[in-house]
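Please examine the structure shown below together with its sequence. The report that follows treats its strands, a helix and a pocket in turn.

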Amino acid sequence: MAGLKELRVRISSIASTKKITSAMKMVAAARLRKANDALDKSEKYHQGILTIAGRLFKNLKDEEKNAGRMVNYPVVMQERPTIDNYLLVAFSSDRGLCGSFNSYVLRETLKRIKELESQGKNVKVLCIGKKIGDSLKNKRPDVVWDVLTGVAQKGARYRDAEQIMEPLVTEYISGGFDACEVIYTYFNSPINREVKCRQLLPYVFDIDLNDKRYDDKLNDAFYEYDTLEEKVFNDVVYMLMFSEMFQMLLNSQASEQGARMTSMDNATRNASDMISKLTLKYNRLRQSAITTELVEIISGAEAL
């Protein structure tokens, strides 16, 4: 009977775990919907800023070509003569139980560090999230620049992106590093995510100047600016950079919640399978014990 008691305890324990994983799955699903909605809404804002910046950029390029004058582009777009010092910004989560989400970010970060160091570059990493910070402190403590935890803990806000970007821009302008890249997880779907490495500084404004959306007189519209177009473009570029950081933050958040939802769903399914197998084993042992007792009773009655 000791075996039956142990199985009952184990089944009860797994059932409790199943309740926890099921609840975590529902919480992750709710947070995923919230992050996905924010990502969709921010994309419309980002495209609007991109259109304005593209229109200004096209005008400035036309002035350079036709008027022959040099345009003073924003400092964040001016590439250094030599790029020796790199800063990597890596997005992870503060908590685990989200499958391979953090391990993929860590693998990509270590891969990029190795690539840059093989080229003779100095590399530092700004870790956004406790998991990537702890892992790098264990594997490569020499490259950790800083670790930020609790970022967007209750859902990403635009201010969170500003708090990340503002010191980066200040450090870049002051010469703290020559280039900055961001390693983050791009969200396609809850089960389809992709770790990407993207250059942030110096900012590369890569657009198709032949695209009609950047035409200054599209649909008979005409745009007039109260100040120099260079000044407006400078301000809009900063807005565009902050918007891109916000997009990367939202992608990382949505990917984390998608990974956690999928992981908890798998854990719940596994718990159900284990409960079914253990219940079957319990019933067989119980049936065997009952059969043995009946045989002993019958044998004792026949002996009398």
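The text below describes selected parts of this structure, which is a predicted model.

**Strand β1 and its neighbours**

Strand β1 covers residues 85-91, and 6 of its 7 residues are buried. On one hand, β1 is joined by 7 bridges to strand β2, residues 122-128, and these two strands run parallel. Within this pairing, Y86 stands opposite V123 of β2. The connection includes a helix: β1, helix α2 (residues 101-118) and β2 form a right-handed β-α-β unit.

Strand β1 also pairs with strand β4, residues 179-189, through 5 bridges, again in the parallel sense. Here L88 stands opposite E181 of β4, and the bridge partner of Y86 in β4 is A179. Y86 thus has a partner in β2, namely V123, and a partner in β4, namely A179.

**Strand β4 and the hairpin**

How many residues of β4 are buried? The number is 8 of 11, so β4 is largely enclosed by the rest of the structure. Besides β1, strand β4 pairs with strand β5, residues 192-201, in the antiparallel sense over 9 bridges. T185 stands opposite V195 of β5. A hairpin of 2 connecting residues leads from β4 to β5.

The pairings described so far are collected in this table.

| Strands | Sense | Bridges |
|---|---|---|
| β1 and β2 | parallel | 7 bridges |
| β1 and β4 | parallel | 5 bridges |
| β4 and β5 | antiparallel | 9 bridges |

**Helix α4**

Helix α4 comprises 16 residues, 158-173, and spans 22 Å from its first C-alpha to its last, close to the 22 Å expected at 1.5 Å a residue. Its buried residues are D160, A161, I164, M165, L168, V169 and Y172. An α-helix has 3.6 residues a turn, so residues three or four places apart point the same way. After α4 comes G175, whose phi is positive, near 90°.

**The largest pocket**

Rolling a probe the size of a water molecule over the atoms shows where empty space is left. The largest pocket has a volume of about 470 Å³. It is lined by 24 residues, of which A152, Q153, Q253, E256 and Q257 are the closest to its centre.

Which helix supplies the largest share of the lining? That share, 6 residues, comes from α5. Both α1 (2-66) and α5 (229-303) contribute at least two residues each to the lining. By character, the lining of the largest pocket consists of 9 nonpolar, 9 polar and 6 charged residues.

How values were computed. Residues are numbered from 1 along each chain as its sequence is written. This is a predicted model: local features need pLDDT of at least 70, side-chain atom pairs count only at pLDDT 80 or more; totals for chains, interfaces and linings use all residues. Side-chain values use heavy atoms; hydrogens and water are left out. Buried means under 20% relative accessible area, exposed over 50%, partly exposed in between (1.4 Å probe, protein chains only). Helices (H or I, at least four residues) and strands (E, at least two) are DSSP runs, numbered from the N terminus. Two strands pair if DSSP finds at least two bridges between them. A crossover is right-handed if, with the strands pointing away from the viewer, the path from the first strand over the helix to the second runs clockwise. On a 1 Å grid over the protein atoms alone, a cavity is a set of points where a 1.4 Å probe fits but cannot get out, and a pocket is an open set with protein on both sides within 12 Å along at least five of seven lines; lining residues have an atom within 4 Å of a point. Grid points are joined across faces, edges and corners, and a volume is the space filled by probe spheres set on the points. Ala, Val, Leu, Ile, Met, Phe, Trp, Tyr, Cys and Pro count as nonpolar, Asp, Glu, Lys and Arg as charged, and the others, Gly among them, as polar. The expected span of a helix is 1.5 Å times one less than its number of residues.
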